[in-house]
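Reader: Can you walk me through this one? I'd like to start with the sheet and then get to the cysteines.

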Amino acid sequence: MTLSIERTLEDTLKLLPDFKQLIEGLPYEHKGIPNSEMFFLYATAKGLNPPQILESGRARGQSTHLLALSFPDTAIVSVEYDASSPDVPIATARLTPFKNVDLQFGDSTRLFPDLIQDGDVVLIDGPKGFRGLRLALGLLATGKPAAVFVHDCPKGTEERRFLDKYLSDVFHSDHPQFVREYATLDRGEFPMPSEPGQSYGPTLSCLPRVDGFNYRAVLRRLIFVGLANRLRNSFRKLLRAD
């Protein structure tokens with residue numbers, strides 16, 4: 001099954017009524033991924049019938065809750081790094097009723113390579129930035145996940161520029177047609193872009209697995225670019241300090 005924004009937009013038409021029913025009356029936690037972006041994931045991944053969904057970064061369990069509702073027959077393994085966070089009891093209380101959800105704690109960069117199975121879908125909402133992209137590319141390099149979704153990749157960020165430059169099959173939840181038709185799912189929580197170059201919302205990016213693609217080569221390039229960015233930012237801080 002080939003994933004693309006065109007296929008996602010096509011599938012939204014038949015899946016929207018079900019998703020609206022899922023979120024009806026469901027409160028939105030401001031630390032969570034927006035409803036429209038979770039619908040983007042739902043519409044993209046539903047046809048994959050993934051045996052398992054791995055989630056990195058749970059916070060108050062907003063996205064985990066929607067994953068559990070959207071994929072009731074799929075095992076949801078959610079990993080949160082900080083077991084002492086004040087968000088933990090909130091997430092635990094709302095997710096305990098779901099028998100398909102496994103709440104774990106630890107470093108997803110260490111846990112996911114052992115947890116990943118053929119055909120899985122992965123949602124990375126932490127670690128952020130280039131660390132999140134390294135995790136995504138490392139998992140894709142195993143050839144196992146059907147798709148990896150990475151959160152917080154809006155236009156204008158280094159992460160977004162890297163994805164668009166080196167992964168020709170990547171697509172995003174801030175696609176103009178998707179935003180135009182489904183931003184209403186967020187009930188006015190996020191402002192619409194005021195300029196063409198702006199993203200709507202934090203933005204969820206889909207990295208489909210492409211058989212035969214050399215993800216390890218792109219991962220090596222990402223490591224180099226990330227190092228260059230850190231050196232450049234450190235240099236700028238030194239200049240400001242002077």
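Author: What follows covers the sheet, one of its strands, the cysteines and a histidine. The model is predicted, so local features need pLDDT of at least 70 and side-chain atom pairs count only at pLDDT 80 or more, while totals for chains, interfaces and linings use all residues. Residues are numbered from 1 along each chain as its sequence is written, and side-chain values use heavy atoms, with hydrogens and water left out.

Reader: What is the strand order in the open sheet?

Author: The order is E3-E2-E1-E4-E5-E7-E6, seven strands with mixed pairing. E3 (101–105) and E6 are at the edges with a single partner strand each, so one side of each has no neighbour in the sheet. Strands here are DSSP runs of at least two residues, numbered from the N terminus, and two strands pair if DSSP finds at least two bridges between them.

Reader: How many bridges join E2 to E3?

Author: Five, and the two strands run parallel. Glu80 has Phe105 in E3 as its bridge partner.

Reader: And E7, which strands does E7 pair with?

Author: E5 (residues 147–151) pairs with E7 in the antiparallel sense over five bridges, with Phe149 opposite Cys206. E6 (residues 171–172) is also antiparallel to E7, over two bridges, and there His172 stands opposite Ser205.

Reader: Is E7 mostly covered or mostly open?

Author: Mostly covered: five of the five residues in 204–208 are buried, meaning under 20% relative accessible area with a 1.4 Å probe, protein chains only. In a regular strand the side chains alternate between the two faces of the sheet. In E7, Leu204, Cys206 and Pro208 are on one side and Ser205 and Leu207 on the other, all buried.

Reader: Switching to cysteines. How many disulfides?

Author: Zero, counting a disulfide as a pair of cysteine sulfur atoms within 2.5 Å. For Cys153, the nearest cysteine sulfur is that of Cys206, 12 Å away, which is too far for a bond.

Reader: Are those two buried or exposed?

Author: Cys153 is buried at 1% relative accessible area. Cys206 is buried too, at 0%.

Reader: Back to His172. What does the side chain of His172 have a polar contact with?

Author: The side chain of Asp164, at 2.8 Å. A polar contact is a pair of N or O atoms within 3.5 Å; within protein, one must be able to donate a hydrogen and the other to accept it, and residues adjacent in sequence count only if both atoms are side-chain atoms. His172 is buried, with a relative accessible area of 8%.

Methods: Buried < 20%, exposed > 50% of the residue type's maximum accessible area, 1.4 Å probe, protein only. Helix = DSSP H or I, 4+ residues; strand = E, 2+ residues; numbered from the N terminus.
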